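This report is a first look at one protein chain. Please view the sequence and the structure before reading on.

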Amino acid sequence: MLSVAILASAGIPLASQAQTPRTTPPAAASGTSDAANFCASIRDSAAEARFAWQANTLKTLEAKLTDTLKKLEERKAELEALTAKRDAEIQQTETRITEIFARMRPEAAALQLAAMDEAMAVSLLGKLPPRTASAVLNEMEAARAAQLAEALGGRRAPANRTPTTGVQTR
């Protein structure tokens with residue numbers, strides 16, 4: 001064994017390692033290899049299989065998309081119903097508050113509206129009958145009444161003006 005290793009390391013060929021003449025395979029001689037021939041022979045069927053897989057994947061994704069769109073449409077309808085319900089409740093509440101202020105004495109309504117947020121006060125004054133609104137504004141402090149009247153008329157109140165509260169004292 002040792003002698004075989006020494007001979008092999010010295011570069012002397014062994015009988016078991018007899019040199020065979022190197023010949024080129026026939027496929028290499030013609031310029032194509034077995035792998036190239038194999039790939040060429042299955043190219044069409046591989047392309048068809050790839051297209052079929054892609055079509056199947058697209059159909060699956062399309063089904064998922066359709067399902068998601070259906071769920072979104074259902075959710076949209078549900079949200080629209082809730083929004084309509086909320087809007088109806090807000091309208092009912094606004095109507096009720098307007099009726100309450102319409103039945104109040106002008107002095108009491110003036111105190112309440114003078115203390116309210118300007119947007120809310122303008123909204124209520126706009127929904128009150130003109131006669132009631134004028135009586136309420138008549139009972140308010142002149143500066144606050146002018147501010148609300150300007151806002152009610154669509155003009156913005158000057159920014160440097162601070163809202164005042166209270167009723168007019170006689």
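The sections below go from the overall fold to single side chains.

## Overall make-up

The model is predicted. Its chain has 170 residues, and its secondary structure comes to 7 helices and 0 strands. Read along the sequence, the pattern is α-α-α-α-α-α-α.

Contacts can also be sorted by how far apart the partners stand in sequence. Among those with a separation of 6 or more, 60% join residues 24 or more positions apart.

## Surface and burial

How much of the chain counts as buried? The share is 15% of the 170 residues. The accessible surface comes to about 13300 Å², and carbon and sulfur atoms hold 59% of that area.

Part of the surface forms a nonpolar patch of about 290 Å², made by Leu65, Leu69 and Leu72. Of these residues, Leu72 is found in helix 3, which covers residues 34–103.

## Salt bridges

Side chains of opposite charge can pair when their charged atoms come close. The structure holds 5 salt bridges, and three of them are described here, beginning with a pair that links two helices.

Glu94 and Lys127 meet through their side chains at 2.7 Å, N to O. Glu94 lies in helix 3 and Lys127 in helix 5 (residues 118–127), so this salt bridge ties together parts that are 33 residues apart in sequence. Are these two residues buried, exposed or partly exposed? Glu94 counts as partly exposed because its relative accessibility is 30%, a value between the 20% and 50% cut-offs. Lys127 is partly exposed as well, with a relative accessible area of 37%.

A second salt bridge joins the side chains of Asp87 and Arg86, with an N to O distance of 3.2 Å. Asp87 is partly exposed at 39% relative accessibility. Arg86 is also partly exposed, at 46%.

In a third, the side chains of Arg105 and Glu107 meet at 3.4 Å, N to O. Arg105 has 58% relative accessibility and therefore counts as exposed, as the cut-off for that class is over 50%. Its partner Glu107, at 35%, counts as partly exposed.

## Aromatic rings

How many aromatic pairs does the structure hold? The count is 0. A charged side chain does sit by a ring, however: Arg50 lies over the face of Phe51, 5.6 Å from the ring centre.

## Summary

In short, the predicted model has 7 helices and 0 strands. Its 5 salt bridges include the pair Glu94 and Lys127, which ties helix 3 to helix 5.

Note on methods: Residues numbered from 1 in each chain as written. Predicted model: local features only at pLDDT ≥ 70, side-chain atom pairs only at ≥ 80, totals over all residues. Heavy atoms only, no water. Patch = residues over 30% accessible without salt bridge, like charges linked within 9 Å, V, L, I, M, F, W, Y side chains within 5 Å. Areas by Shrake-Rupley, 256 points an atom, 1.4 Å probe, with all protein chains shown as cover. Salt bridge = Lys/Arg side-chain N within 4 Å of Asp/Glu carboxyl O. Helix = DSSP H or I, 4+ residues; strand = E, 2+ residues; numbered from the N terminus. Phe/Tyr/Trp six-rings, centres within 6.5 Å; stacked < 30°, edge-to-face > 60°. Lys NZ or Arg CZ within 6 Å of the ring centre and 35° of its normal. Buried < 20%, exposed > 50% of the residue type's maximum accessible area, 1.4 Å probe, protein only. Contact = heavy atoms within 4.5 Å.
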